[in-house]
Structures are given as C-alpha cells and as structure tokens.
Amino acid sequence: MATDLTEKLKILADGAKYDVSCSSSGSSRANNGGIGNAASSGICHSWTSDGRCVSLLKILMTNRCIYDCAYCVNRSSNDTQRVALTPQEVAELTIGFYRRNYIEGLFLSTGVVRSPDYTMELLIQAVRTLRSEYRFNGYIHLKLVPGADPLLVQQAGLWADRVSVNLELPTRESLLLLAPDKSRDAVVGPMRQVSSLIVSNRAERKQSRKAPRFAPAGQSTQLIVGATPDTDRQIVTLSEQLYQRLELKRVYYSAFIPTVADSRLPARPETPLRREHRLYQADWLLRYYGFSAHELLDEASPNLDSELDPKTGWALRHLELFPVEINGASYEELLRVPGIGVRSAQRIIQTRRQGHLGIDDLTRLGIVMKRARYFITARGQYVGESGLESSSLRSRLVDAPKQRCPVQLSLDLEQPVVDETASLITGEL
Amino acid sequence: MSCCYSYDGTLAGLLTLYARLLPERVAVERISAVLLDQQSLFSSEICIVTELTVAEAFWQRLNSRLSDNSLKLLRRCLLADHPEQELLIYRYLLLEAEQGQRIDGMLAHPVVASAWKLTQQVGREAHRYLGFVRFQQLQGGIYYATITPDHRILLLIGSHFAQRFSDQQWIIHDQRHGEGIVYDCSSKEWLLLPMNQESQPEITPQEEQFQQLWRNYFQTLAVPERKNLKLQQGKVPLKVRACLTEFGGTI
Ligand code: SF4
C-alpha cells in the first residue's frame, strides 16, 4: 500500500505544482481540543530547488479530467497516467505531514471528474473528514470547481480557510481560445458569489460571534502570464479590479512554462520569470503603496519595463515631483520614493519626530540609498552623484544584469507591515 | 582603571552586573561571561558576584520602567548568542536611563540601531524555526525534533508548538545550546530544560514511511525550468539542513 501511495502522491503533486499560490496566512484559527491552528502571519516550512516556499501539502484529489485546457498537464487529451486519492487518504496524509511539522496545512485542487458538482462534493468530503473526524484546525485552501452549484460553493467556504478559482487567462478571448470548456462566467460566477458571501458573513459575525466563519482567509486567484498576447496593462488593470470590486486577497501570476505541445500556445517566451517578477512588483504597488494601475501603465507603454522596477519607472516619468525633503514629506509621498519601502517610510515618520534626519541617518533606517539618493534631500542636502535632469540617470537606476534571479515574491511579503520577521528586502521597492 | 567586567554566565549574574553598574553610569569596555570555576584572581576583569535578590529587584524595576518596545528588545537580546550582546544591552540601558521612552523613536542612534539589528536577527530566526522544526515519531509515541539555531530561540517558539500540537507529546532539542523544551500533553505544559545528546533514538516503521513520502513529495515539487539553487540556499542555509528530513537529515 505504501509504494502505491508514494506513486500516487508523486503524480498528484506533480499535477498541482504549477499552481503557484502557497500562502498560508491571513487566517487565525484556534486549536480547540484537536490538532493544529492557523497562524495569521503564514509560515514557510521549506524551499524547493527552484526557490519556492513549501507551506502547504499541495495536491490534486485526482488528475483525471474531462476537460481539455490547452495549457494544462492534466488535460484529457494528454497521454499520462491517471490516479486518484480517496478523501480518507487525503486526510491521513495531511495529518501525518502536519504532526511532523512538515506543513501548515492542505491545498487541495483537482481535475474535473464526471461533473463539476460531483467533483466539488469529493473535495468537500475530504475537508469535512479532516475537520470533523480528525479535528484538524490547520490551514486549508480549497479550489472551487468552475461551474459547481452555488450551494456547494457555500459549503466549501464554511470548511476551508481560503477558496479560489483560477481565472487563468486575463481576457475572455484568451480563455475561449485556450480553455474552450470553461466559460468566463463559470469562472467569475463563483468568485462573485464568494465575494458577496464573505461580505455578508462579515456582517453576520458582527451581529453574533457564534456565526460560522466563511473563508476567513478570503479568496485568491491565479493568472497565467505569457501564454496569450495580453499586455501587462490588461493584467494589472484586471488585478486592480479584482482587489477593488471582489476584494480578493491575492492575485498570483504564473509565468507560462509549456508542459504540453499545442499549436495554440506560443513558444517559450524569452524572459518569462522576469516579467512575472515585474508583475508581482506592480501588484505590490497596487496593494501597499497607493498606486493605481493607470499610473503604472498606459496605452503608450502597455508593458512594464523589464529593466526598471515599476516604481522607479514611474518616478522617472514624474521627475517634476522630486526631489522630496525627507523631513517634510508625507507618508504617502515617502512611499513613492524609489528605495523607500513601507517599513522604512514608517521608520522615517517615527524617527523624525525626535529631530530632523540627516543623510547619514537614512541608511540605518533601511533605506536603499543606491536608488533613493537621486530622489530625496535631507535637511536640504542632495547626494545623488548626478542631478535629476542628468541623461545618465536612467542607466544608473537600471537593475544590474547580474542581480538575484527573479523571485516569486508572494510569500515573504504576505504581511509586510505587521509581521516583524518577514523579509525586509524582497518587497521593498 | 580597567573597564572590563565579568559575570558568571547566568541571567541572574548579568542582571546583577547591570544593577550595580547602571546607576553609577560606569563606562564599560567589555563584559564577559566567565564560568565560576574559570575565574582567576589575577585576571584584569572586575568580577561581579551574582546576587539573586539584586537581580530580581532589578528585573522588576526594568519591567515597570521600560516601554513594551524596549522590553521586547531586551528579552530578545538576552536570548541572542552574540559575542557582544551583554555590552550592547548595557549601552542600550544606559541610553534608556537618560532618554526614557523617547528611545523608542531613536532608531537612527547607533546604540539603538545595533540593538535593534540583533533583536531582529533573533526574531527572524525564531520565526524561521516555526517552519524548520521536524518531528520524528519515536518508539513509545513521543515526537522528537532536533534543531541547531544560532540564537537561543526555544523560549520564543515554545508556545506556538504548545498550541498547535496540544494533543501530542513532543520534545524540541536545541543541540547547539544544550537545552530543550519538553511538552506534556496531559498537563498542557511545557518546560525548558538542560538537555544532552542521548543515544540514537529509535523511530517507528510508520515514521520511516512518512519520511519517505515527504522526501518524495518534496522532490516532485520543484519545477525544473525555474531551478534556482542560490535562492534556495539563501532561504534554507546549509547549516540548517542537517536537521531537515527533506534534505536527508535525520537525528
Ligand atoms: S479543468 Fe483544470 S485540470 Fe482539467 S484540463 Fe482544465 S485546467 Fe486542467
């Protein structure tokens, strides 16, 4: 039985690994007499050889699928071995891994068998087994099957911490081209439903703390980048809408890596990971730095500059706003200075109450002077090697080519403000 | 006059030292921990003798005087394993005595900045170890984990594990500092105890199986096209891998 399970786990993990979301944060579930709890700041347990964090046991219930989405390894026309786990097996694996502190919880996705409803019920059964039989209070992220009955969607959210439907492709046309079996409405429908259920649940819980929680860690989604000709502008604008209108917690971006050949798919693009990295930076600017999509991208330049981080790019287009005086600028203005992140902006505000800051103080506060020096003054002093009007400014700010490889930014950055232990460097722009 | 001081290496000893030196605002160049049996009559250091009552009274004074921020900093610096942590803390407390709670805003002051840096190193390592602990189920049912952290972070992670694994018996053993936490699931209490490497513990057959499953799973996860070993090494430094099942580590 053991070798059989090993084999199945391998296949089902392999089928799930292209889903990049792995965050385990945003929920705090107490352990009431069973095993486990959900930590609100998210915990990474290991990192694989591609540098991605392992936080959840991320598997498919089954890799059988009746659909045939062009970009997917599990598509029905792909000749590959098909296996399935039972809900009981999923629960046992999760508990076994959890007790050894390998994982924060479970991320359960699946191919579609028989019908969306049938599949959704299988997933729910696995999660119900974990929660009620094993009294598991750890983190659970459950995929919603596009097209599943709204009642099942609602149940799913009551058992899970986070639910998600992958939008996968930014435009209706792209979806039609590559995933003809899934209509945009079948994908967006459940997202809308979840969003309104979260809102009404919040109201219910204000009335009574006893009301059961619905998806306390919210919902997320994923977009595949580079499989279709959609521009960064289309993608970032879509993300902005998802954050604002549907209150999504996270949008993940996954650089397209061809796993199956298909004439509808492009050849492997040149720098897929760099583009993904820039999109995460832009996403970050939307969520924590007060930028809006149209400030970062417009019709004239619909794609992010691969050589500059998007904040520096924005600053270079708005030199008239700089330099700003560190001792006088507002928090919002500080956030827009290249080289000053959320945390260093907070520190500047906190520290300057005790007296004006000089240039030398800034490095100690964690400001990246390499970039910031051109855009600030401290007590009127300016220390850029060249002025803002200099034609060499851009080349001085371009990311050095031998920089650290693009990183999937999602994890460490999950809680930049409250988690004192989160990485300082990665998210600061 | 010499300005090097020593104490017996215990927390009470260090607090006694602070209690004696701080009110006089003594200028100190070095503070070293010298175990009792190594103290010598002829050393140039001034040895401060531990007095429990002095230490306790001083600790209480600190607790009522310091801001939450400073207290947290103090606790973490005390748990650090850093050649100059005693001196760093002393300088911080000196400055605090002068500035009071204003010190919380003085992040750019060199004394505060270096104490903060150490605080964050300890905090960050503690947070990382919430993920890096690997339990193995031993014959008899106890879950046992070894770690080798830079700092003495056990006290910072104990309550997390006590809440999470409240229904299993477990031990986390810091082999580097020779101490460990023992959790008892019937009384729901945990204790920090001195602990030495004992003989190789025996694991259950089921344990073997789960380790195998986990290693396999971990291997499968990586996407070859995205391989980035440097990034991985930044996140999982080689020194912690010896205790991680997925990197081949066992007890
Ligand atoms: S429905 Fe999901 S599993 Fe099935 S082919 Fe499409 S993306 Fe793959």
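This dialogue reads the interfaces and a strand arrangement of a predicted model.

Reader: Where do I start with the two chains? How many residues of chain A and chain B are in the contact?

Author: Start with the head count on each side. Chain A brings 66 residues and chain B brings 56 residues.

Reader: How is the size of an interface often given?

Author: It is often given as the accessible area lost when the parts come together. Here, chain A and chain B bury about 5500 Å² between them. Carbon and sulfur atoms give 55% of that area.

Reader: Next, charges. How many salt bridges link chain A and chain B?

Author: The count is 3 salt bridges. One pair to display is Arg100(A) with Glu207(B). Their closest N and O atoms are 2.7 Å apart. That falls inside the 4 Å cut-off for a salt bridge.

Reader: And how many residue pairs are in polar contact across the interface of chain A and chain B?

Author: There are 21 such pairs, with both residues at pLDDT 80 or more.

Reader: Which elements of chain A supply the side that touches chain B?

Author: Take the helices and strands in sequence order. Helix H1 (2-16), strand E1 (46-47), strand E3 (56-60) and helix H2 (87-99) of chain A are among those that each supply at least two residues. Further along chain A, helix H8 (272-288), helix H12 (342-352) and helix H13 (359-364) do so too. H1(A) gives the most, with 7 residues.

Reader: What is the make-up of that side by class?

Author: The side of chain A that touches chain B has 28 nonpolar, 18 polar and 20 charged residues.

Reader: Now inside chain B. What are the bounds of its domains?

Author: Domain 1 of chain B spans 3-126, and domain 2 spans 136-247. Their centres, taken over C-alpha atoms, are separated by 31 Å.

Reader: How many residues of each domain are in contact?

Author: Read it as you read the chain interface. In chain B, 9 residues of domain 1 are in contact with 10 residues of domain 2. The two domains of chain B bury about 880 Å² between them, and carbon and sulfur atoms give 60% of it.

Reader: Which three residues supply 66% of the area that domain 1 of chain B buries against domain 2?

Author: Leu79(B), Asp81(B) and Glu125(B). That is more than any other three residues supply.

Reader: How many salt bridges and polar contacts cross between these domains?

Author: The domain interface of chain B has 1 salt bridge. Look also at Arg176(B) and Asp81(B): their side chains meet in a salt bridge at 3.9 Å, N to O. The polar contacts between the two domains come to 5 residue pairs, both residues at pLDDT 80 or more. On the domain 1 side, helix H3 (68-79) and helix H5 (110-132) of chain B each supply at least two residues. H5(B) has the largest share, 5 residues.

Reader: Last, strands. How do E6 and E7 of chain B run, and how many bridges join them?

Author: Check direction, then bridges, then the turn. Strand E6 (residues 170-174) and strand E7 (residues 179-184) of chain B run antiparallel, joined by 5 bridges. His173(B) has Gly180(B) as its bridge partner in E7(B). The two strands form a hairpin with 4 residues between them. In that turn, Gly178(B) has a positive phi of about 65°.

Reader: What joins E7(B) to strand E8 of chain B?

Author: There are 6 bridges, and E7(B) and E8 (residues 189-194) run antiparallel. Asp184(B) stands opposite Glu189(B) in E8(B). This hairpin of E7(B) and E8(B) has 4 residues between the strands, and Lys188(B) takes a positive phi near 55°.

Conventions:
Residues numbered from 1 in each chain as written. Chains lettered and ligands numbered in written order. Predicted model: local features only at pLDDT ≥ 70, side-chain atom pairs only at ≥ 80, totals over all residues. Heavy atoms only, no water. Contact = heavy atoms within 4.5 Å. Buried area = accessible area lost by both parts, 1.4 Å probe. Polar contact = N/O pair within 3.5 Å; in protein donor to acceptor, adjacent residues only side chain to side chain. Nonpolar A, V, L, I, M, F, W, Y, C, P; charged D, E, K, R; others polar. Domains from an automatic or database assignment. Pairing = 2+ DSSP bridges.
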